[in-house]
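Here's a quick tour of a two-chain model, going from the smaller-scale fold to the sheet and then the cores. Have a look at the structure first, then read on.

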Amino acid sequence: MSHHPHDDQPGDAAGLAAADSLRIVREQQDRARSGLEPDGRLLCLLWGVAWLVGYLVLWAGARSSEGIPSGGAFIVFGGLLAAAVVVTIVHSVRRTAGTRGASRRAGNLWGGAWCIAFVAYPFIIGGLGRAGASDEVIGLASNALACMIVGIMYLTGAACFGDVSLYVLGTWIVLTGGIATVVGMPTTYLVMALLGGGGFLVITGVWQVVALRRGRQQRALRGARAAVGQDPRDD
Amino acid sequence: MTELDTVIHAPARLRVVATLATLDATDEITFPRLQQLLDMTAGNLSTHLRKLEDAGYVRMSKTHSGRKPVTYLALTTPGRRAFEDYTATLTALLKGSGT
């Protein structure tokens with residue numbers, strides 16, 4: 001059993017020792033949380049790039065071939081989304097590995113809900129096609145439905161995990177779905193790229209600024225302590 | 001000065017308890033994952049966990065994943081309370097000393 005060097009000192013020394021202990025708590029808890037939760041910035045950046053590039057390719061393809069993107073454009077788009085799905089799943093599983101309990105269960109159920117929604121998705125789009133929907137209607141419906149699933153999943157995630165920034169992102173994606181459908185083909189793809197993909201990237205930027213500012217504040221606090229000769233001690 | 005809980009008031013154990021306190025009350029974490037978050041050696045972590053378990057602050061549950069034994073760790077209710085009291089005492093101390 002080790003004793004803190006300032007255990008028995010009254011006044012300022014005790015105050016500084018207390019500040020040190022609270023700093024140890026804060027830094028370790030920050031480290032634990034970031035080690036156990038998926039990195040929202042990384043995932044948001046990933047999806048922002050996938051949507052921005054993928055939908056720009058579709059838009060360019062649709063403009064050059066009378067409204068319907070070429071098969072190649074769809075392959076690029078599908079490849080980008082598939083890569084984003086794989087990275088998201090691998091990253092999330094690795095971060096939450098080695099834990100169990102109610103939070104893990106809630107995360108698993110939420111993750112499962114994404115899969116269920118996107119398993120039904122192609123059947124709905126296929127059904128519309130079989131009922132005689134034109135290529136334009138299918139294009140509009142597939143983008144709108146994807147936006148509604150993604151946006152509403154973010155909204156439920158925000159409610160489930162108490163994350164307000166996820167709520168903002170969900171609202172943005174749902175509204176993007178509305179706007180993208182109203183403007184019609186092929187501008188739909190451009191709206192999906194700029195408002196949808198761009199939306200992810202804006203949120204990534206906001207989270208990054210918040211994280212950097214927080215890191216700077218902590219370093220400034222540490223610097224101030226070091227200036228009064230209070231070095232952290234470890235076992 | 002108010003008495004601080006000597007079981008928690010050692011930097012290594014404080015880090016262990018602080019980490020476990022980030023989990024929700026019903027959640028548990030495996031030994032290797034906790035070790036990774038703390039960047040401690042297995043022996044060092046085991047020693048501190050034993051002291052925390054002896055004090056009734058940490059509970060260990062052993063189970064199996066396939067044929068591999070897995071140890072899950074979590075704070076007990078008294079452990080969580082002790083950590084909250086500890087940080088509350090320190091915060092009060094800081095306010096009192098005017099720093």
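## Chain B, the shared sheet and the cores

Reading chain B from the N terminus, the elements go α-β-α-α-β-β-α. That makes 4 helices and 3 strands. Keep in mind that this is a predicted model. Along the principal axes, the C-alpha atoms of chain B fit a box of roughly 55 × 25 × 20 Å. Chain B has 99 residues, and 33% of them count as buried. If you take its contacts between residues at least 6 apart in sequence, 58% join residues at least 24 apart.

Now for the sheet, which takes strands from both chains. It's an open one of 4 strands, in the order S1(A)-S1(B)-S3(B)-S2(B), with antiparallel pairing. At the edges sit S1 of chain A and S2 of chain B, each pairing on one side only. S2(B) and S3(B) run antiparallel and are joined by 8 bridges. One bridge to pick out on screen links His64(B) with Pro69(B), the latter in S3(B). Helix H2 of chain B packs on this sheet, touching S1 of chain A as well as S1 and S3 of chain B. The direction of H2(B) makes about 85° with that of S1(B).

Here are the residue ranges for these pieces:

| Element | Residues |
|---|---|
| S1(A) | 99–100 |
| S2(B) | 58–65 |
| S3(B) | 68–75 |
| S1(B) | 28–30 |
| H2(B) | 31–38 |

On to the cores. The largest nonpolar core has 33 residues, and those with the most contacts inside it are Trp51(A), Tyr55(A), Leu58(A), Tyr189(A), Met192(A) and Ala193(A). Helices H2, H3, H5, H6 and H7 of chain A are the elements that give it two or more residues. H2(A), which spans 40–64, gives the most, with 11 residues. What does Tyr55(A) touch, leaving aside its neighbours within four places in sequence? Its contacts are Tyr189(A), Met192(A), Ala193(A), Gly196(A) and Gly197(A). There's also a second, separate core of 31 residues, which includes Ile8(B), Val16(B), Leu52(B) and Val58(B).

One last residue is worth a click: Ile75(A), in helix H3 (residues 71–96) of chain A. Is Ile75(A) buried or exposed? It counts as exposed, because it has 11 C-beta neighbours inside 10 Å and the cut-off for exposed is 12 or fewer. Ile75(A) and Ala50(A) are 25 residues apart along the chain, and their C-alpha atoms are separated by 13 Å.

Notes:
Residues numbered from 1 in each chain as written. Chains lettered and ligands numbered in written order. Predicted model: local features only at pLDDT ≥ 70, side-chain atom pairs only at ≥ 80, totals over all residues. Buried ≥ 20, exposed ≤ 12 C-beta atoms within 10 Å, placed from the backbone. Contact = placed C-beta atoms within 7 Å. Pairing = 2+ DSSP bridges. Axes fitted to C-alpha atoms, helices over the stretch in contact; angles between N-to-C directions. Core = buried A, V, L, I, M, F, W, Y, C linked by C-beta atoms within 7 Å.
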